[in-house]
Amino acid sequence: MVLSFLNCTSSQTRHRPLTHSSLSSIHSTGRPLISSAACILPEDKEQKGGGDIAVRTVFFFLPLPTMASAQAMPISVWEKLTEAPEDAILGVTVAYNKDPNPVKLNLGVGAYRTDEGKPLVLEVVRQAEARLVADRSRYKEYLPIVGLAAFNKLSKELAFGADHPAVVANRITTVQGLSGTGSLRVGAEFMGQHYHTPIIYVPVPTWGNHNKIFPKAGLKVQSYRYYDPATRGLNFTGMMEDLKAAPDGAIILLHVCAHNPTGVDPLPEQWDAIRQLIRAKGQFPFFDSAYQGFASGDLDADAYALRSFAADGGELALAQSYAKNMGLYGERVGALSMVCATAAAAKLVEGQLKLVIRPMYSSPPLHGAAIVATVLSEEKLLHDWKAELKGMADRIIEMRHKLYDALLQRGTPGDWTHILKQIGMFTFTGLTKPQVDFMREKYHVYMTGDGRISMAGLSTATVPHLVNAIDDAVRNIA
Amino acid sequence: MMMQEAGRHVARAILHGSGRTGARVAPSWSGLMSGSARCISGSSVLSTWWGHVGPAPKDPILGVTESYLADPSDGKVNVGVGAYRDDNGQPVVLECVRMAEQRIAGIEYMEYLPMAGMKRFNGLAIKLAYGDDSPVIKERRVAAVQALSGTGACRLMADLQHRFRPESQVFFPVPTWSNHLNIWRDANVMVKSFRYYNPKTKGLDFEGMMEDVKNAPNGSFFVLHACAHNPTGVDPSTEEWKEVSSLFKEKNHFVVFDMAYQGFASGDTSKDRQAIRIFLEDGHQVACAQSFAKNMGLYGQRIGCLSIVCHSEMEAANVQSQVQQIARPMYSNPPLHGAHLVATILSDPGLKELWLKEVKMMADRIKLMRSLLREHLEGIGSQINWEHITKQIGMFCFSGLTPAQVDELTKNYHIYMTRNGRISMAGVTTKNVEYLAHAIHTVTKAQK
């Protein structure tokens with residue numbers, strides 16, 4: 001790894017003389033330090049991006065001591081920092097939370113809600129949790145760097161199937177990761193360090209955080225066509241063309257199922273063609289699996305694409321998340337699997353993954369992984385989980401139907417069949433940014449700026465309000 | 001159907017060069033496209049992208065436990081990783097943690113935390129680090145972000161430093177926790193060092209340290225261990241801390257306090273943060289990487305906090321927002337459970353009091369083990385000066401054993417420690433202290 005080596009700039013004193021200050025440029029707390037003074041520093045005036053008025057009015061001005069008696073005010077190493085923009089997706093919930101209006105509706109982040117609009121902790125999770133708490137023989141020791149062994153094994157089997165040839169051949173290394181994000185990041189860092197072609201192709205559109213994660217790992221992000229706005233379905237021809245034009249050996253990001261944000265998935269025949277092309281070009285598939293079980297309601301069916309790639313002898317990476325399908329969002333549970341050509345290669349890869357993880361967080365958190373391992377390892381809990389998962393998937397499908405029917409009944413202009421055709425947690429509505437903004441301002445309906453709505457956030461009671469908002473937006477805003 | 005298909009494809013794979021030679025050869029998959037059912041029999045090895053990947057070195061600390069676990073012999077002793085053990089050599093879950101756990105089980109939702117983590121937890125963590133009545137907290141000048149224990153807090157800090165102070169270097173004491181170097185290296189920050197441990201006195205090389213601090217370019221970043229230095233157990237005295245703080249002011253250096261052992265050094269959490277208090281009183285704007293792994297026994301929960309004292313409330317908000325941007329592409333938001341536990345304990349007076357008692361108990365047991373080990377070594381006639389065993393502070397004793405002596409201890413006595421001679425006193429018990437003393441005496445008999 002090349003270390004950047006810049007000579008230290010010539011020593012700058014961090015203490016500067018005070019200057020006369022005016023109320024309009026106050027940015028310090030005016031607190032009563034011995035060096036108390038509000039001072040204008042020449043750079044300050046340019047740094048004022050972001051931050052709202054409410055914050056500024058907290059500050060107040062105390063009279064300056066005389067120059068002679070005042071000590072120089074230390075300059076902070078962080079003075080040049082500006083406020084970072086909100087995350088595009090998580091920021092929706094932040095804005096929603098700030099909204100005092102009682103009819104507000106959060107269709108932003110993909111977190112499941114019941115028909116009462118409440119978050120849900122699965123029954124099996126509660127049971128597993130209770131068991132863990134009651135077991136006084138359990139400790140909270142450090143996990144190994146690669147995480148909880150039982151969890152890793154069960155995750156591998158969940159994703160690939162216990163009797164999958166690659167699993168049987170022991171050529172998959174699976175390490176526990178910090179949900180989907182953390183698994184993607186560790187995988188990307190590894191690829192950035194060891195893979196010969198540090199370019200990754202992502203579908204257009206894709207989950208916003210993908211575009212933040214891969215550059216951090218030194219991967220150049222390119223894209224391939226995916227979503228067709230005209231049909232609101234897959235642009236299969238465009239996708240194949242772009243993958244063909246992409247360099248041999250490039251990394252290709254693929255959503256295992258329930259594509260986020262569009263809900264558009266290739267058909268099995270299309271997956272087969274995609275796979276053959278990728279293998280012909282020696283490209284490296286990197287799978288993101290955040291919704292296994294949510295697409296069709298069947299865990300195995302949802303993994304078709306992944307399993308077929310893993311079975312053809314080629315290599316791949318998989319980032320797996322339990323945030324949604326086990327409702328373990330905040331516990332950050334996931335796994336990174338590297339399917340390698342040989343068991344020996346898998347072992348080498350595992351060792352190097354540890355070197356990525358150790359300087360990032362040493363070892364992963366225990367609690368969520370222990371819950372997952374408990375659920376997956378016991379027949380009854382596993383069975384019950386599958387039923388609960390299907391229940392969530394079914395409720396989402398029901399919401400799709402309710403929304404579609406309501407729009408049809410209302411006579412809202414446009415073709416809304418994509419609501420029924422798209423798969424998984426999200427509907428890519430096709431609403432424009434101005435329409436999205438209008439719906440937020442007038443109806444307090446919150447969604448991401450690309451028009452993606454989380455069906456999981458919708459309930460029978462709130463469908464009418466959403467329909468009102470969509471109808472108004474579509475009729476009156478371009 | 002899947003299996004048959006798989007079999008066909010596997011059989012058709014073509015080998016182009018063995019990965020083991022390190023040659024990066026792109027496998028050709030053109031055979032797969034032909035659609036023919038022709039199979040290649042025999043032992044064709046599938047080619048891999050990773051053939052050039054070398055075996056990774058074992059982590060010098062965590063690798064010790066791996067080796068220990070693999071050892072089948074009875075009477076083996078693990079004084080490697082710094083995880084607390086009771087006098088039966090068993091890991092401990094604190095009572096206050098058990099109670100907190102029962103309190104929160106089955107109650108809360110498991111929604112995503114914000115990127116900066118649990119606000120309630122952050123507020124309580126910084127009070128513990130800076131004091132309940134700390135002016136910097138009252139003035140809302142502290143950016144605080146929940147992190148993945150101490151490692152995660154350090155990594156956020158290192159990435160922040162690289163992003164906004166790319167010209168700066170980071171200085172570590174010699175020696176320091178080995179993972180510090182990995183963290184800052186992966187953050188692409190230039191790593192430097194300053195003298196700290198004096199092998200002759202097995203204490204602090206104060207003059208050396210001050211000289212190196214003075215010679216460092218103004219405005220350098222320094223990582224200082226707030227208390228119970230790892231691996232040496234050697235801490236500056238109050239007076240020495242004051243002098244260090246003054247010199248740091250002259251040089252405009254930035255300090256990151258790594259505080260992984262608050263409560264473990266003296267048994268008193270308030271006393272153990274004296275270095276931070278001294279620096280704050282001097283007007284420094286410090287950062288603190290805080291861990292609850294040891295002092296609350298929450299190792300596997302990965303719960304810690306990165307806090308940065310800023311110039312103003314607005315600056316703290318800006319800094320926090322930027323640290324969030326580092327967390328988002330790393331793990332999005334931190335794990336919930338550990339934060340819940342800590343927040344429950346610290347916010348409940350009864351639980352907090354119980355915790356403080358339990359921390360003191362752990363610290364006291366370690367102090368007792370120090371006395372016993374030293375007594376035994378002196379009692380069996382070792383000619384070496386073992387004073388440092390009781391002078392050093394916290395979980396670790398920097399024994400002065402050489403790597404060769406450590407290897408001998410492992411090979412002949414099944415005693416496991418890191419090769420720099422660091423003994424985790426938490427792994428010492430009344431049952432194994434005599435055995436340990438004898439073994440150490442045996443391998444060191446030759447030297448003076």
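Chain A has an accessible surface of about 18,200 Å², and 59% of that belongs to carbon and sulfur atoms (areas by the Shrake-Rupley method with a 1.4 Å probe; for residues, only the protein chains shown count as cover). This is a predicted model, where local features need pLDDT of at least 70 and side-chain atom pairs count only at pLDDT 80 or more, while totals for chains, interfaces and linings use all residues. Residues are numbered from 1 along each chain as its sequence is written, chains are lettered from A and ligands numbered from 1 in the order written, and side-chain values use heavy atoms, with hydrogens and water left out.

Of the 478 residues in chain A, 60% are buried, meaning under 20% relative accessible area with a 1.4 Å probe, protein chains only. Chain A holds 17 helices and 15 strands (DSSP runs numbered from the N terminus: H or I of at least four residues for helices, E of at least two for strands).

Now for the sheet. Seven strands of chain A line up as β4-β12-β11-β10-β9-β5-β6, an open sheet with mixed pairing; two strands pair if DSSP finds at least two bridges between them. At the edges sit β4 (172–177) and β6 (220–225) of chain A, each pairing on one side only.

Look closer at β9 (residues 251–255) and β10 (residues 284–289) of chain A, which run parallel over five bridges. One residue to pick out is A:L253, whose bridge partner in β10(A) is A:F286. Helix α9 (residues 268–280) of chain A packs on the sheet and touches β9, β10 and β11 (316–321) of chain A, contact being heavy atoms within 4.5 Å. The direction of α9 makes about 165° with that of β9(A) (axes are lines fitted to C-alpha atoms, for helices over the stretch in contact, with angles from 0 to 180 degrees between N-to-C directions).

Technical notes:
Buried means under 20% relative accessible area, exposed over 50%, partly exposed in between (1.4 Å probe, protein chains only).
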